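Subject: Structure handover and notes

Dear colleague,

I am passing on the structure we spoke about, and my notes on it follow directly below. Please read them with the model open beside you.

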Amino acid sequence: MSPGGGGPMKDCEYSQISTHSSSPMESPHKKKKIPARRKWEVFPGRNKFFCNGRIMMARQTGVFYLTLVLILVTSGLFFAFDCPYLAVKITPAIPVVGGILFFFVMGTLLRTSFSDPGVLPRATPDEAADLERQIDIANGSSSGGYRSPPRTKEVIINGQTVKLKYCFTCKIFRPPRASHCSLCDNCVERFDHHCPWVGNCVGKRNYRFFYMFILSLSFLTVFIFAFVITHVILRSQQTGFLNAIKDSPASVLEAVVCFFSVWSIVGLLGFHTYLISSNQTTNEDIKGSWSNKRGKENYNPYSYGNIFTNCCVALCGPVSPSLIDRRGYVQPDTPQPAAPSNGLATYGATASQSDMAAATPLLQSEPSLASDELHLSGKPGLGTPCASLTLGQPTPPSSMPNLSAEAGLTDILPLKEEHVGHQFLTPEEAPSPPRLLAGSPLAHSRTAHVLGLASQDALHEDSVRGLVKLSSV
């Protein structure tokens with residue numbers, strides 16, 4: 001061991017190896033586990049989630065609570081003040097039918113409000129960058145400072161040209177019939193409209209439940225209104241109209257609420273029945289996408305040409321799965337692969353060696369520098385042992401020919417000239433390798449290697465010169 005290399009090895013301290021860690025590079029100290037987050041917690045849209053992501057609603061839910069209050073209060077008053085009298089005077093089936101309609105209305109309302117309407121996932125940063133490059137290449141534009149107008153693609157569906165618009169928020173080309181909801185800030189597949197009464201968007205995955213809700217609500221509203229009027233008429237026949245109102249004041253409130261709401265509910269039901277029969281959405285009907293006013297060749301490519309088939313597809317087809325996986329776990333970022341340590345920072349590595357490897361990048365390229373950059377022609381490398389030379393008696397090199405003949409002298413002279421051409425380094429002129437830290441054990445050992453090489457070459461040259469003089473004598 002060289003004198004300069006023994007000092008740092010005495011001061012190094014070995015770190016304890018953790019046998020319980022799954023990776024050799026893992027810290028022996030226990031790391032605090034970060035709880036995994038679900039995707040609904042980092043969802044980019046403007047939505048509210050409840051029950052650990054099972055319930056998904058829009059952020060504006062005030063009108064939804066008004067809908068609940070109107071249905072619950074009106075139905076509660078009907079079952080509390082009207083049904084007992086009607087069950088005795090007419091038939092006990094009235095509260096039973098009313099209860100079935102009420103539970104069906106509540107079930108479809110909650111199913112519409114609490115479900116994913118068909119939100120399309122946004123593009124990841126890598127996907128968005130790749131799509132932007134494709135668009136720039138297709139448009140022939142390379143400038144990134146100017147945002148071009150909304151870009152579109154054209155596809156053919158049943159012989160009709162349909163444009164796919166690019167969403168600058170979600171960084172995707174929206175599929176056919178999809179649209180971006182400005183209130184929820186999401187692209188929704190087969191977007192119909194945003195309904196504040198249900199507190200959610202109405203799209204591909206909850207449209208059938210929305211239609212069943214307004215259908216059952218229409219029946220319930222007409223049912224309550226009809227039997228409330230029947231109740232008041234029967235009581236007025238016995239005690240008079242004023243006394244009937246005094247005996248059942250809740251019936252008046254029910255009749256007023258049902259009278260003003262039945263027209264809008266039934267009208268909405270008729271409008272959506274027309275949309276289902278023609279396989280259209282509210283968004284398409286308002287924009288007039290398939291109106292004949294745009295041209296004779298403009299038609300709805302999604303219609304099956306049969307009212308019954310269109311209704312069956314909209315109401316009886318399979319419900320597509322959610323695409324956002326809101327209850328899934330967020331995958332952690334993939335760690336960057338560490339640089340190869342060349343065997344220095346492995347099991348049992350000392351702390352000083354690890355620090356030296358981190359501070360000295362040349363550790364990984366040490367063998368190549370020793371064998372390639374500092375190896376001289378016709379001389380042994382740094383890694384090979386040198387033959388010992390006895391002072392006073394010069395020893396000829398193994399490759400030297402016979403010195404007794406004149407031809408041997410002529411062969412030696414070019415060898416001498418060749419060695420004279422070499423620029424041997426003195427200890428002061430020996431450069432240190434690039435990026436080597438001053439004062440480090442590695443710098444000391446590398447300098448010692450260079451000095452040893454220079455002294456070997458100088459001694460070898462002196463030996464050759466001595467042999468030439470002896471032969472000349």
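Two strands are taken to pair if DSSP finds at least two bridges between them. By that criterion, E3 and strand E4, residues 160-167, pair in the antiparallel sense over six bridges. Please keep in mind throughout that this is a predicted model.

Before going further into the sheet, a word on the chain and on confidence. The mean pLDDT of the chain is 74, and 61% of its residues reach 70 or more. Over residues 1-6 the pLDDT is below 50, and beyond near neighbours in sequence this stretch has two contacts in the model. Residues 432-451 also have a pLDDT below 50, although that stretch has 29 contacts in the model beyond near neighbours in sequence. The secondary structure comes to 13 helices and nine strands, and of the 473 residues of the chain, 34% count as buried. Among the contacts in the chain with a separation of 6 or more, 65% are accounted for by residues 24 or more positions apart.

To return to the sheet, three strands form an open arrangement in the order E3-E4-E5, with antiparallel pairing. Its edge strands are E3, residues 152-157, and E5, residues 172-173, each of which pairs on one side only. Strands of a sheet in general pair through backbone hydrogen bonds, either parallel or antiparallel. If you want to check the register of E3 against E4 on screen, Glu154 stands opposite Lys163 in E4, and Val155 stands opposite Val162 in E4. These two strands form a hairpin with two residues between them, and in the turn Asn158 has a positive phi of about 50 degrees. On the other side of the sheet order, E4 and E5 pair in the antiparallel sense over two bridges, with Cys167 opposite Ile172 in E5. The hairpin of E4 and E5 has four residues between the strands, and there Lys171 takes a positive phi near 60 degrees.

The helix I looked at is H7, which covers residues 249-278. Its 30 residues, at 1.5 Å a residue, should span 44 Å, and its end C-alpha atoms are 44 Å apart, so the expected and the modelled span agree. H7 nevertheless bends by about 35 degrees at Ser261, and just after the helix Asn279 takes a positive phi of about 55 degrees.

Finally, the cysteines. How many disulfides does a search of the whole structure find? The search finds zero. Cys181 is in no disulfide, and the nearest cysteine sulfur, that of Cys201, is 3.3 Å away. Cys184 is likewise in no disulfide, and for Cys184 too the nearest cysteine sulfur is that of Cys201, at 3.5 Å. A disulfide here requires a pair of cysteine sulfur atoms within 2.5 Å, so neither pair is counted as one. Is Cys181 buried or exposed? Cys181 has a relative accessible area of 3% and is therefore buried, and Cys184, with a relative accessible area of 2%, is buried as well.

With best wishes

Technical notes. Residues are numbered from 1 along each chain as its sequence is written. This is a predicted model: local features need pLDDT of at least 70, side-chain atom pairs count only at pLDDT 80 or more; totals for chains, interfaces and linings use all residues. Side-chain values use heavy atoms; hydrogens and water are left out. The expected span of a helix is 1.5 Å times one less than its number of residues. The bend at a residue is the angle between axes fitted to the seven residues ending there and the seven starting there. Buried means under 20% relative accessible area, exposed over 50%, partly exposed in between (1.4 Å probe, protein chains only). pLDDT is the predictor's confidence in each residue, from 0 to 100. Contact means heavy atoms within 4.5 Å.
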